[in-house]
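Biologist: I'm new to reading structures, and I'd like a close look at the inside of this one. Please walk me through it slowly, and then show me how the outside compares.

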Amino acid sequence: MTTNIISPGPVQALARAAWQSILVTGLLSVILGILILVWPGKTLLVAGIIFGIYLVVSGLLQLLAAFAAPASTGMRVLYFISGVLSIVIGVFCFRDELTSILLLGLWIGIGWLFRGIAVTMAAVSEPDLPGRGWQGFFGVLTAIAGVVLIVWPVESIATLAWVAGIWLIVLGIMEMITAFGVRKDAKDLGVPA
């Protein structure tokens, strides 16, 4: 009896490991976005710390992808830069909360812009990447969210919280959709997910 399972190659191994990471990051984004929208006044001081935790976890996952992903050197470098930026921005959030919240939109925007570019470049340059279309779409959406947070004239902390909360929910949902798209494509390739 023959089986349709392909022996895991570099792309298949990445697909098997990546979808769970993408799903966890998406869930964290949605939860954080909802918390910010439900309690904007009470969570503003905590927002810096929550964002910091999210960015550090996201950065660690990006670094893991940079060292574990069987991708080209350019992709590894982009994942590495994205991960380091997320970690640095996350650590910045643990400093003076009031000052960091005012600057958080800019820093989050830069992190999302780099991450969006990295994900989009991976989707464009890796033709066999499972979930390529969803990852490309997610990358473009993340880059747009980054630009909005960089350019948006944030006049108050409450505006930043609302903008960031909405974008986190949207991006989190897109990440979860991307995760299941990657999982489906990996299964279609015969890779057990």
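Modeller: Let's start with how the chain folds back on itself. Of the contacts in the protein chain with a separation of 6 or more, 77% are between residues 24 or more positions apart. Keep in mind that what you have on screen is a predicted model. The protein chain has six helices and zero strands, and its pattern along the sequence reads α-α-α-α-α-α. Of its 193 residues, 46% are buried.

Now to the inside. In soluble globular proteins, nonpolar side chains tend to be buried together. The largest nonpolar core here has 22 residues, and Phe-51, Trp-112, Trp-167, Leu-168 and Leu-171 are the ones with the most contacts inside it. Who supplies this core? Helix 1, helix 2, helix 3, helix 4, helix 5 (132-151) and helix 6 each put in at least two residues. Helix 6 gives the largest share of the core, with seven residues.

Pick out Leu-168 and you can see what that looks like up close. If you ignore neighbours within four places in sequence, Leu-168 is in contact with Ser-29, Val-30, Leu-32, Gly-33, Ile-36, Phe-51, Tyr-54 and Trp-112. Two of the names in that list, Phe-51 and Trp-112, are also among the residues with the most contacts inside the core. There is also a second, separate core of eight residues, including Ala-18, Trp-19, Leu-23 and Val-30. So you meet Val-30 twice, once as a contact of Leu-168 and once as a member of the second core.

The inside isn't purely nonpolar, though. Side chains of opposite charge can pair when their charged atoms come close. The structure holds one salt bridge, and it joins Glu-175 to Arg-115, with the closest N and O atoms 2.7 Å apart. Glu-175 sits in helix 6 (residues 157-188) and Arg-115 in helix 4, so this pair ties together parts that are 60 residues apart in sequence. Are the two partners buried or exposed? Both Glu-175 and Arg-115 are buried.

Have a look at Thr-142 while you're there, since Arg-115 is one of its contacts. Thr-142 belongs to helix 5 and counts as buried, because its relative accessibility is 2% and the cut-off for buried is under 20%. Leaving out neighbours within four places in sequence, the contacts of Thr-142 are Trp-112, Leu-113, Arg-115, Gly-116 and Leu-171. Trp-112 and Leu-171 should ring a bell from the largest core. Thr-142 and Val-119 are 23 residues apart in sequence, and their C-alpha atoms are 8.8 Å apart in space.

Next, try Glu-126, in the loop between helix 4 and helix 5. Glu-126 is buried yet has no salt bridge, and Arg-132, the nearest side chain of opposite charge, is 8.6 Å away. Not counting residues up to four places away in sequence, Glu-126 touches Ala-71, Ser-72, Met-75 and Arg-132.

Now let's move outwards. Arg-183 lies in helix 6, and at 26% relative accessibility it counts as partly exposed. Arg-183 and Pro-130 are 53 residues apart along the chain, with 7.8 Å between their C-alpha atoms.

Finally, the outside itself. The protein chain has an accessible surface of about 9400 Å², and 76% of that belongs to carbon and sulfur atoms. Val-24, Leu-28, Ile-49, Ile-53, Val-57, Val-91 and Phe-94 make a nonpolar surface patch of about 530 Å². Helix 1 (10-38) and helix 2 (40-68) are the elements giving two or more residues to this patch, and helix 2 gives the most, with three.

Zoom in on Phe-94 from that patch. Where is Phe-94? Its place is in the loop between helix 3 (73-93) and helix 4 (97-125). With a relative accessible area of 39%, Phe-94 is partly exposed. Its contacts, apart from neighbours within four places in sequence, are Ile-49, Gly-52, Ile-53 and Val-56. Ile-49 and Ile-53 are patch members too. The C-alpha atoms of Phe-94 and Gly-52 are 6.4 Å apart, although the two residues are 42 apart along the chain.

Note on methods: Residues are numbered from 1 along each chain as its sequence is written. This is a predicted model: local features need pLDDT of at least 70, side-chain atom pairs count only at pLDDT 80 or more; totals for chains, interfaces and linings use all residues. Side-chain values use heavy atoms; hydrogens and water are left out. Patches are made of residues with over 30% relative accessible area and no salt bridge: like charges are joined within 9 Å, nonpolar side chains (Val, Leu, Ile, Met, Phe, Trp, Tyr) within 5 Å. Accessible areas come from the Shrake-Rupley method with a 1.4 Å probe; for residues, only the protein chains shown count as cover. A salt bridge is a side-chain nitrogen of Lys or Arg within 4 Å of a carboxyl oxygen of Asp or Glu. Helices (H or I, at least four residues) and strands (E, at least two) are DSSP runs, numbered from the N terminus. Buried means under 20% relative accessible area, exposed over 50%, partly exposed in between (1.4 Å probe, protein chains only). A nonpolar core is a set of buried Ala, Val, Leu, Ile, Met, Phe, Trp, Tyr and Cys residues joined through side-chain atoms within 4.5 Å. Contact means heavy atoms within 4.5 Å. Lys and Arg count as positive and Asp and Glu as negative; His and the chain ends are not counted.
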